[in-house]
Amino acid sequence: MLRNLFLVEMHWQHLALVSLFCQTLILPVTAGNRSESWRQECRSCLECSKENGCLRCSERLFLFLNRDGMSHHGSCLHSCPAGHFGLRATDLNRCMKCKAPECERCFNKDFCTKCKGGFLLFKGKCFKSCPEGTFPQSTDCVEGCVFRVFGVWGEWSPCQHNGLSCGVRWGQQIRTHEQSSKTPEETEALCPPQTESRKCRMKKRCPKDKRKNERIEERRKAQKHLKLSPVTEPPWGM
């Protein structure tokens, strides 16, 4: 009985010695690996800390601080990660966080250039659905109707200035964008008629008869306008 207890005790002591020996071998290896890893991370830094990583980077790189609770670990990067933008300064280039959480890339903290999945970009902001008057196209919201690509522009109107076709130097022409027959009917309401104008050169001198007729027509329109205008009664006592 006593011999068995002695053998068991010797066995546990042997295991304890083996465990201690293994730990003695492993600890220097682990410490060496950590030391080597720290040295690798510090290669891109001008100044580095074993506890906090990079503290200062070269002029071409950005310092990115990866926060973990109250502590942070610095890295020197060629470009900032998603949700951040690069801010260059005379003393240090930093990766700064975009203000909007739905922003994947930004030009500065308030102007987004790319949104995360499920959002659409419009004028530096990310939206779940496009604002009124805009339409989704790929990952953006665009002003104007995207279905106008199905239509064609009509011919330019004659060059005129206030109804005159000659007698002045410059006039204006107008044309309308016409919907194609291939345009889906349900999108026609989203695509109101679109017109555009341009400046055009007119004949400064009119033929005598044509100029006379145009003046007569102008007078007729003016007289017709006066007849249609309501007549106001003068106040009593005047």
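**Exercise 1. Find which residue of β6 stands opposite H84, and describe how the two strands are arranged.**

Solution. In this predicted model, H84 stands opposite K97 in β6. The next step is to look at the strands themselves: β5 covers residues 84-87 and β6 covers residues 94-97, and they pair in the antiparallel sense over four bridges. Finally, consider what joins them: β5 and β6 form a hairpin, with six residues between them.

**Exercise 2. Decide whether T134 is buried or exposed, and describe its surroundings.**

Solution. Begin by placing the residue: T134 belongs to strand β11, which spans residues 134-137. Its relative accessibility is 10%, and because buried means under 20%, T134 counts as buried. Next, look for a polar partner, and the side chain of T134 is found to reach the backbone oxygen of P131 at 2.6 Å. Lastly, when residues up to four places away in sequence are not counted, T134 touches F122, C141, V142 and E143.

**Exercise 3. State how many salt bridges a search of the whole structure finds, and examine three of the pairs.**

Solution. The search finds four salt bridges. As background, side chains of opposite charge can pair when their charged atoms come close.

- Step one concerns R56 and E47, which form a salt bridge whose closest N and O atoms are 3.6 Å apart. R56 counts as partly exposed at 39% relative accessibility, and E47 likewise counts as partly exposed at 40%.
- Step two turns to E104 and K114, whose side chains meet in a salt bridge with an N to O distance of 3.6 Å. This pair links distant parts of the chain, ten residues apart, with E104 in strand β7 (residues 103-108) and K114 in strand β8 (residues 111-115). E104 is partly exposed at 24% relative accessibility, and K114 is partly exposed at 44%.
- Step three takes R175 and E196, whose side chains meet in a salt bridge at 2.6 Å, N to O. R175 lies in strand β14 (residues 170-178) and E196 in strand β15 (residues 194-201), so the pair ties together parts that are 21 residues apart in sequence. E196 is partly exposed, with a relative accessible area of 29%.

**Exercise 4. Locate F111 and list its contacts beyond its neighbours in sequence.**

Solution. F111 has its place in strand β8, and with a relative accessible area of 38% it is partly exposed. Leaving aside neighbours within four places in sequence, F111 is in contact with C106, K123 and G124. For one of these partners a backbone distance can be added: the C-alpha atoms of F111 and K123 are separated by 7.9 Å, although the two residues are twelve residues apart along the chain.

**Exercise 5. Name the residues of the largest nonpolar core, and say which strands each supply at least two of them.**

Solution. The largest nonpolar core has eight residues, namely F85, C98, C103, C106, C112, C115, L121 and C126. The strands β7 and β8 each supply at least two residues of this core. To follow one member further, take C103, which touches G83, C98, C112, T113, K114, K116 and C126 when residues up to four places away in sequence are not counted. A second core, separate from this one, has seven residues, among them C54, C57, L63 and C76.

Definitions and conventions
Residues are numbered from 1 along each chain as its sequence is written. This is a predicted model: local features need pLDDT of at least 70, side-chain atom pairs count only at pLDDT 80 or more; totals for chains, interfaces and linings use all residues. Side-chain values use heavy atoms; hydrogens and water are left out. Two strands pair if DSSP finds at least two bridges between them. Buried means under 20% relative accessible area, exposed over 50%, partly exposed in between (1.4 Å probe, protein chains only). A polar contact is a pair of N or O atoms within 3.5 Å; within protein, one must be able to donate a hydrogen and the other to accept it, and residues adjacent in sequence count only if both atoms are side-chain atoms. Contact means heavy atoms within 4.5 Å. A nonpolar core is a set of buried Ala, Val, Leu, Ile, Met, Phe, Trp, Tyr and Cys residues joined through side-chain atoms within 4.5 Å.
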